[in-house]
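Let's take a walk through this protein together, with the sequence and the 3D view side by side. Please open both and follow along from residue to residue.

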Amino acid sequence: MTKDVHITVTGTQFDEDGHRTVTEQKVQGQYFERDGSRYLLYEERDSDTGTVTKNTIKIKESTVELSRNGYISSRMVFCPGETHRTSHVTPYGILTLDIYTESLKSVWAEKNGTLQVAYRMYAEENLLSENKLSVKVTDRTKAR
């Protein structure tokens, strides 16, 4: 069964110079479970161009996949202690990145859930940034 949910996505990024950037998006989305995995579907709109990127987060045991399709396209895999390569496709070109996952925590209840991922991004073995991704999900019917 698909549930309509509120999703808050917060990203914190520290670049190679230690500068911190925090972004937060509050969106409506869908949540469902299939074959032992949890899925979150939502869209984000680029603040500069207005174009839409469709996002899917798949959570299974200790692995999370974040797939983005649209203005920006990529498939990032997070598994603690592992490095996964991805191609980050933008209108300006393709960037090959290595994603090393430091930690991953996922907690779910009937009407809400949280996901936290800490990871590092590398390009050609050079550290680009240290990142934290936090996703908070709340059932939309909870507030009614």
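**A walk from Thr-101 outwards**

The side chain of Thr-101 comes within 3.2 Å of the backbone nitrogen of Cys-79. Before we go on, please keep in mind that this is a predicted model. Thr-101 has its place in strand 8, and with a relative accessible area of 0% it is buried. Which residues surround Thr-101, once its neighbours within four places in sequence are left aside? On one side of the list are Val-77, Phe-78, Cys-79, Pro-80, Gly-81 and Glu-82, and the list is completed by Val-117, Ala-118 and Tyr-119.

Two of those partners deserve a visit, and Phe-78 is a good place to begin. Phe-78 counts as buried because its relative accessibility is 1%, under the 20% cut-off. Setting aside neighbours up to four places away in sequence, Phe-78 is in contact with Ser-62, Thr-63, Val-64, Leu-66, Ile-99, Thr-101, Leu-104, Val-117 and Tyr-119. The next stop is Tyr-119, which is also buried, at 11% relative accessibility.

Now look at the nonpolar core. The largest one holds 25 residues, and those that touch the most other members are Ile-7, Leu-40, Ile-57, Phe-78, Leu-115, Tyr-119 and Val-135. Strand 9, residues 112–123, gives this core its largest share, with five residues.

What about the aromatic rings? Searching the whole structure turns up three aromatic pairs. One of them joins Tyr-31 and Trp-108, a stacked pair with 5.6 Å from centre to centre and 25° between the planes. This pair links distant parts of the chain, since Tyr-31 belongs to strand 2 (residues 20–34) and Trp-108 to strand 8 (residues 93–108), 77 residues apart. Both Tyr-31 and Trp-108 are buried. Phe-78 and Tyr-119 form a pair too: their ring centres are 4.8 Å apart and their planes meet at 55°, so this pair is tilted. Here again distant parts of the chain are linked, with Phe-78 in strand 6 (residues 74–78) and Tyr-119 in strand 9, 41 residues apart. A ring can also have a charge over it: the charged end of Arg-34 sits over the ring of Tyr-39, 5.9 Å from the ring centre.

From rings we can turn to charges. Side chains of opposite charge can pair when their charged atoms come close. How many salt bridges does the model have? The count comes to six, and three of them are worth finding in the viewer.

Start with Arg-38 and Glu-33, whose side chains meet in a salt bridge at 3.0 Å, N to O. Arg-38 is partly exposed, at 25% relative accessible area.

Next come Glu-44 and Arg-68, which meet in a salt bridge at 2.9 Å, N to O. Glu-44 lies in strand 3 (residues 37–45) and Arg-68 in strand 5 (residues 63–70), so the bridge ties together parts that are 24 residues apart in sequence. Are these two partners buried or exposed? Glu-44 is buried, and Arg-68 is buried as well.

The third bridge is between Arg-120 and Glu-102, where the closest N and O atoms are 2.4 Å apart. Because Arg-120 lies in strand 9 and Glu-102 in strand 8, the pair ties together parts that are 18 residues apart in sequence. Arg-120 is partly exposed, with a relative accessible area of 23%, and Glu-102 is partly exposed too, at 36%.

Strands 8 and 9 bring us to Ala-118. This residue is found in strand 9 and is buried, with a relative accessible area of 10%. Ala-118 and Ser-103 are 15 residues apart along the chain, yet their C-alpha atoms are separated by 5.2 Å. Not counting residues up to four places away in sequence, Ala-118 touches Tyr-100, Thr-101, Glu-102, Ser-103, Asn-131 and Lys-132. That list includes Thr-101, where our walk began.

One last stop is Lys-60, in strand 4 (residues 52–60). With 37% relative accessibility, Lys-60 counts as partly exposed. Beyond its neighbours up to four places away in sequence, Lys-60 touches Asp-35, Gly-36 and Ser-37. Lys-60 and Lys-136, 76 residues apart in sequence, are 17 Å apart in space, C-alpha to C-alpha.

How values were computed. Residues are numbered from 1 along each chain as its sequence is written. This is a predicted model: local features need pLDDT of at least 70, side-chain atom pairs count only at pLDDT 80 or more; totals for chains, interfaces and linings use all residues. Side-chain values use heavy atoms; hydrogens and water are left out. A nonpolar core is a set of buried Ala, Val, Leu, Ile, Met, Phe, Trp, Tyr and Cys residues joined through side-chain atoms within 4.5 Å. Buried means under 20% relative accessible area, exposed over 50%, partly exposed in between (1.4 Å probe, protein chains only). Helices (H or I, at least four residues) and strands (E, at least two) are DSSP runs, numbered from the N terminus. Contact means heavy atoms within 4.5 Å. Rings of Phe, Tyr and Trp (its six-membered ring) pair if their centres lie within 6.5 Å; planes under 30 degrees apart count as stacked, over 60 as edge-to-face and the rest as tilted. A charge sits over a ring if NZ of Lys or CZ of Arg is within 6 Å of the ring centre and within 35 degrees of the ring normal. A salt bridge is a side-chain nitrogen of Lys or Arg within 4 Å of a carboxyl oxygen of Asp or Glu. A polar contact is a pair of N or O atoms within 3.5 Å; within protein, one must be able to donate a hydrogen and the other to accept it, and residues adjacent in sequence count only if both atoms are side-chain atoms.
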